[in-house]
Amino acid sequence: MTDFSPREIVSELDRFIVGQTDAKRAVSIALRNRWRRQQLEGSLREEVLPKNILMIGPTGVGKTEIARRLAKLANAPFLKVEATKFTEVGYVGRDVEQIVRDLVEVAIAQVRERKRKDVQARAQLAAEERVLDALVGANASSATRESFRKKLRAGELNDKEIEIETQSSGGGMPMFEIPGMPGAQMGAISIGDIFGKLGGRSKTRRLTVESSHEILINEESDKLLDTEQLTLEAISAVENNGIVFLDEIDKICARDGRVGGDVSREGVQRDLLPLIEGTTVSTKHGAVKTDHILFIASGAFHVAKPSDLLPELQGRLPIRVELQALTRDDMRRILTEPEASLIKQYVALMQTEGVTLDITDNAIDALADVAVAVNSTVENIGARRLQTVMERVLDEISFTAPDRNGETIRVDADFVQKHVGDLAKNADLSRFIL
Ligand SMILES: Nc1ncnc2c1ncn2[C@@H]1O[C@H](COP(=O)(O)OP(=O)(O)OP(=O)(O)O)[C@@H](O)[C@H]1O
């Protein structure tokens with residue numbers, strides 16, 4: 001949970017996402033409201049429900065990115081699901097509860113990662129003992145052991161091979177789901193757990209000292225972690241902090257009921273409703289209340305309109321924000337401004353080969369122009385177009401970079417034109433390539 005003010009949250013999001021101020025504002029208020037709720041005492045705290053958000057806007061303009069960055073900022077368990085997934089053949093009503101189960105798994109991984117850091121020092125020592133056991137045997141004299149310890153710490157034994165016994169993670173029993181009985185896979189997992197506990201899941205591996213390091217530290221930290229406490233914390237994180245991003249919600253608007261083998265779209269909305277209104281879902285880690293999970297639904301709403309959603313669902317998504325289609329200037333900014341912008345990524349990647357990319361301002365103009373042109377002639381896929389265009393422009397450099405160590409390559413408007421200009425003008429060709 002972060003105690004950033006809405007203004008601070010927006011400016012954090014500004015580091016990664018260009019424009020879309022309304023959406024940033026809406027999510028920042030939603031996040032702050034969670035913090036406010038946590039400050040409340042007693043029964044009032046239970047009464048305050050999140051104001052879920054409906055993001056409306058074309059594809060590739062930053063909807064998912066805003067939600068994802070928000071979750072990262074808040075250290076919140078986050079899950080993105082396509083609503084249309086539940087209309088596919090083979091899905092039945094209760095499957096939507098899988099969303100919550102998956103979110104719990106995300107939270108457990110997150111909490112484990114955080115807690116591993118707390119026990120890292122102790123885990124490090126325990127891991128060292130295991131490496132020493134493998135190197136000199138458990139019965140070696142303490143003098144030998146200490147001399148090896150010294151060498152180990154100095155990194156002199158990094159390349160030496162050792163044999164260690166590791167727990168194979170999760171492998172054991174395959175998970176399966178019984179058609180028509182979504183909850184049934186839980187049984188399979190617990191059988192797997194039981195077999196796991198009976199032993200027989202560890203295996204001996206041959207590794208260098210260096211590569212065994214991370215595996216051993218993770219294993220030793222997991223031994224030090226209190227799994228029960230970890231699960232409780234993860235469930236609490238989901239219940240109070242969880243964020244679910246429901247993409248393509250417009251595609252489950254009721255139009256024609258049952259199509260082929262699809263579960264009716266309205267049916268999916270009805271299934272989703274209890275989750276959003278607040279229900280208790282049983283997971284293999286325990287019951288999870290969904291009342292305070294924040295749902296951010298999103299869709300382009302080209303054909304269906306938000307008013308085509310079930311009235312109850314509309315009521316549960318009270319905050320509406322529209323995201324704008326990206327202009328040429330936005331494209332330009334997306335290429336350069338965000339902290340890990342595409343340009344910065346490519347420059348850094350080429351640097352690893354000893355090649356310096358000098359991308360001029362007019363090259364960036366040209367890239368933005370091409371992206372806008374192809375978006376308008378072929379299909380508007382928003383900022384995602386920049387990736388295909390960039391990849392094409394830098395294709396040759398990417399391929400030959402290892403042979404050009406030490407060179408500085410200048411990429412200007414002419415360079416961009418030469419590599420994609422003709423393609424961009426030819427709609428048929430760009431359909432396949434850009
Ligand atoms: N406004 C923006 N600023 C920076 N990057 C952006 C912006 N819009 C999109 N992008 C980049 O484009 C890619 C696609 O964006 P995103 O996943 O957010 O699309 P979306 O709007 O959720 O579309 P969809 O509904 O199809 O998933 C991401 O890699 C994202 O970083």
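This is a short chat about reading a sheet, a helix and a ligand site in a predicted model.

Reader: Let's start with the sheet. How do strands in a sheet pair up, in general?

Author: Strands of a sheet pair through backbone hydrogen bonds, and they do so either parallel or antiparallel. In this model you're looking at an open sheet of five strands, ordered β2-β5-β8-β1-β9, and the pairing is parallel.

Reader: Which are the edge strands?

Author: Look for strands that pair on one side only: here those are β2 (78–82) and β9 (319–322). Going from one strand to the next, the twist averages 20°.

Reader: Can we zoom in on one pair? How many bridges join β5 to β8?

Author: Four bridges link β5 (residues 243–247) with β8 (residues 294–299), and the two run parallel. To trace one yourself, begin at Ile243, whose bridge partner in β8 is Leu294.

Reader: And what does α4 touch on the sheet?

Author: Helix α4 packs on the sheet and touches β1 (53–56), β2, β5 and β8. The direction of α4 makes about 170° with that of β5.

Reader: Now the ligand. Which residues come nearest?

Author: There are 18 residues around the ligand, and Thr59, Gly62, Lys63, Thr64 and Ala383 come nearest. Helix α4 (residues 63–74) turns up again, giving the most to this shell with three residues. By type, the shell divides into six nonpolar, eight polar and four charged residues.

Reader: Why does the ligand lie between two domains?

Author: Because domain 1 (6–109 + 233–322) and domain 3 (328–429) both contribute residues to the shell.

Reader: Where does UniProt place the "binding site" feature?

Author: The UniProt positions include Val18, Gly62, Lys63, Thr64, Glu65, Asp247 and Arg384. Glu65 sits in helix α4. The annotated positions span 367 residues of sequence and are also spread in space, up to 33.7 Å between C-alpha atoms.

Key: Residues numbered from 1 in each chain as written. Predicted model: local features only at pLDDT ≥ 70, side-chain atom pairs only at ≥ 80, totals over all residues. Near = placed C-beta within 6 Å. Nonpolar A, V, L, I, M, F, W, Y, C, P; charged D, E, K, R; others polar. Domains from an automatic or database assignment. Pairing = 2+ DSSP bridges. Axes fitted to C-alpha atoms, helices over the stretch in contact; angles between N-to-C directions. Contact = placed C-beta atoms within 7 Å. UniProt positions renumbered as here; feature names shortened; annotations may be inferred.
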